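The following exercises are to be worked with the sequence and the coordinates at hand. Each task is followed by a solution in steps.

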Amino acid sequence: MNLDDREVEILEGRVRRSLATLDRVTVPTLSSIERRRPIAASPLMRGAAFLATAAVMIVVGLAVGDRLNALRGDRAASERTAPAVPSVGYGFFEVLPGATDPGNGTPSGVGLIDELGRQLMPAVDSLIQAKTSPDGRYVALWLSGPQGFELRVLDGVSRSLGPAIFTTTERFTRVNEALAWASDSSAIVVSTTADDTANTAGTIRANLRAIDRSTGTVRSLLTYSAFTFAPLGWDRVKGSVLARANTASSGGKSLYLRVSDDGSGATSVQEVDDMPVIANDAATYVASFPTCIPGPCRRFIIHEASTYSVVAQIDLGSRGDPLTNTSANWAVLFRPRSSDVLVYFSRTGKKGVFGIELYPNGGRGARRDLGDLTVAPRGDGTITSPNAYFRADGSAVFYVDPNDASGKSWSGDVIDLATGTHLPASVGLIRATVLVDAAASGGSPGPTPTEVMACAQASAVYGGTLVGAFTLTAGDLALQDETRSGPNGPRPLRSRFRDYPADTPIVLCYLDGPIAAPGGPPPISPATFRPYDRFVVAVDPSDRVNLLVAGHRDRIAVAPRMP
């Protein structure tokens, strides 16, 4: 049953299930609240009134601007020290609980979910790979379809999935991850081949292409023959795409390539004695897995990307079991937006116990032990290795393992990287992490003077302090309103914004402060009552003011979308 505007929306978080209070209440549509028309007056009086009003608006605008600058500073400081509690600012692109696998490694029903477990937009089908941009805001999606494959980009903040910017009948180049972002998040490189990838004995011709995220412009960078080919990163400053190639399925050479991104085909190829596996967001460092012949491997190697010279070796020593190519008991990752290196591995002699460690500055900094995760054996005694997924801004890492053989539900810890604090977490099968809040992604430079003036009308009616303002069209808001909370979630059948022409500009004003709205039903112990302290108001071009929602700051993200 769909809830109308007079009913409340109850948000249930799968990550923090102990929360039992209401997140927010949808407020009934208000009749137009318009400014009182002035009675006829003399030109002198009208001029004086106009000047007085202008002076008040200027003072309000300046005060609001100062407050917003202060808030941005406070927000930046708080994000640097914020604990890793579930947040509406961050989310996952994950397989939904009821999704089925249609084959070819493509899950059906992959959705954008925030850390409180709320589905933010309709699911996407036939996903093969998802890759988060360096700024954390976008996810490149490689999808299969009846006519082949396509590349589309999801904007986590606006919750919009763009059209296909590249389509092809070619397949990935015998690797699971054949996408890499440019370091400035402006474009994506894709590695595909028209050859038969099922022929496990022969080489293939890998086609490396660059696709602009905004325009969809496609440029061919290189065609290269190898057994496998995988892009690792793209340093936009140096104009160099990093890639790995292998000459055979086993026993072949590992090649490290640096390809010019200008389309000239200029390429440096270097035979290396280890396996490059991942680059950091800036593509200035590359982490590799050593061959370790003879003897077992217990270390990772960090290289400078432009020369492949060794800058650090991370030795597990007796802390970790030997690492093997065929085992899933280890991984090496770079922290988003940095050169910090995270490794995780199975502890020596401790069945089901996995360690996780962080090394700053390209692996050269002092080791930080982030603690262990213990995985209970399944009924047949097997242990499933956990996976690590960085929050899109790098402030925390989710270290989780599947709860059952289906792999659709995962649990473990979320670890605050500032303090090392562990908190329990439950998520779905994560395919990528993403920012879903404009504040978390760096936000906009602040409200425009027009938005400040519009929100001054809202503040005059409801009070509160302006913390964000965004202008959207009525058509966009209507679509968001009628599709929010997923196909089965509470939403109006017909949005109130359908009453406007679709291109009508509507200002959303986010205001912090007490508001005379109910705080929800009595809380379930041990939860406590929390009065509402954030509300969102819509203001149309005629200065009509409508209260949309009232709730709590930690549940209503300041973002350019329908709250």
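**Exercise 1. The chain as a whole**

Task: State how much accessible surface the chain has, and what share of this surface belongs to carbon and sulfur atoms.

Solution. The model is a predicted one. Its chain has an accessible surface of about 24900 Å², and carbon and sulfur atoms hold 54% of this area. Turning to residues, 51% of the 563 in the chain count as buried. The secondary structure consists of three helices and 34 strands. Finally, among contacts with a separation of 6 or more, 51% come from residues 24 or more positions apart.

**Exercise 2. An open sheet**

Task: Determine the order in which six strands form an open sheet, and identify its edge strands.

Solution. The strand order is 4-3-30-29-28-27, with antiparallel pairing. The edges are strand 4 (110-114) and strand 27 (387-390), each of which pairs on one side only. On average, neighbouring strands of this sheet are turned by 45 degrees against each other, direction ignored.

A step further into the sheet leads to strand 28 (residues 396-402) and strand 29 (residues 409-416), which are antiparallel and joined by seven bridges. Within strand 29, Asp413 is the bridge partner of Tyr399.

**Exercise 3. Helix 2**

Task: Compare the span of helix 2 with the expected value, and list which of its residues are buried.

Solution. Helix 2 covers residues 449-462, 14 residues in total. From first to last C-alpha it reaches 20 Å, close to the 20 Å expected at 1.5 Å a residue.

For burial, the cut-off is under 20% relative accessible area. The buried residues in helix 2 are Glu451, Val452, Ala454, Cys455, Ala456, Gln457, Ala458 and Tyr462. In general, an α-helix has 3.6 residues a turn, so residues three or four places apart point the same way. After the helix comes Gly463, with a positive phi near 80 degrees.

**Exercise 4. Aromatic pairs**

Task: Describe the geometry of the pairs Tyr224 with Phe229 and Tyr256 with Tyr308, and explain why the latter pair ties together parts that are apart in sequence.

Solution. A pair of aromatic rings is described by the distance of the centres and the angle of the planes. The search of the whole structure yields 12 aromatic pairs. For Tyr224 and Phe229, the centres are 6.0 Å apart and the planes make an angle of 45 degrees, a tilted pair. Both Tyr224 and Phe229 are buried.

The pair of Tyr256 and Tyr308 is also tilted, at 4.5 Å centre to centre and 35 degrees between the planes. Tyr256 belongs to strand 17 (residues 254-260), whereas Tyr308 lies in the loop between strand 21 (299-304) and strand 22 (310-315), so the pair ties together parts that are 52 residues apart in sequence. Tyr256 counts as buried because its relative accessibility is 0%; Tyr308, at 7%, counts as buried too.

Ring pairs also link a cluster of Trp142, Phe149, Phe166 and Phe172.

**Exercise 5. The surroundings of Ala210**

Task: Establish whether Ala210 is buried or exposed, and which residues it contacts beyond its neighbours within four places in sequence.

Solution. Ala210 is located in strand 13 (residues 204-212). Its relative accessible area is 2%, so Ala210 is buried. With sequence neighbours within four places left aside, Ala210 is in contact with Ile188, Val189, Thr217, Val218, Arg219, Leu221 and Trp234. As for Ala187, its C-alpha lies 6.8 Å from that of Ala210, at a sequence distance of 23 residues.

Terms used
Residues are numbered from 1 along each chain as its sequence is written. This is a predicted model: local features need pLDDT of at least 70, side-chain atom pairs count only at pLDDT 80 or more; totals for chains, interfaces and linings use all residues. Side-chain values use heavy atoms; hydrogens and water are left out. Two strands pair if DSSP finds at least two bridges between them. Helices (H or I, at least four residues) and strands (E, at least two) are DSSP runs, numbered from the N terminus. Axes are lines fitted to C-alpha atoms, for helices over the stretch in contact, and angles run from 0 to 180 degrees between N-to-C directions. The expected span of a helix is 1.5 Å times one less than its number of residues. Buried means under 20% relative accessible area, exposed over 50%, partly exposed in between (1.4 Å probe, protein chains only). Contact means heavy atoms within 4.5 Å. Accessible areas come from the Shrake-Rupley method with a 1.4 Å probe; for residues, only the protein chains shown count as cover. Rings of Phe, Tyr and Trp (its six-membered ring) pair if their centres lie within 6.5 Å; planes under 30 degrees apart count as stacked, over 60 as edge-to-face and the rest as tilted.
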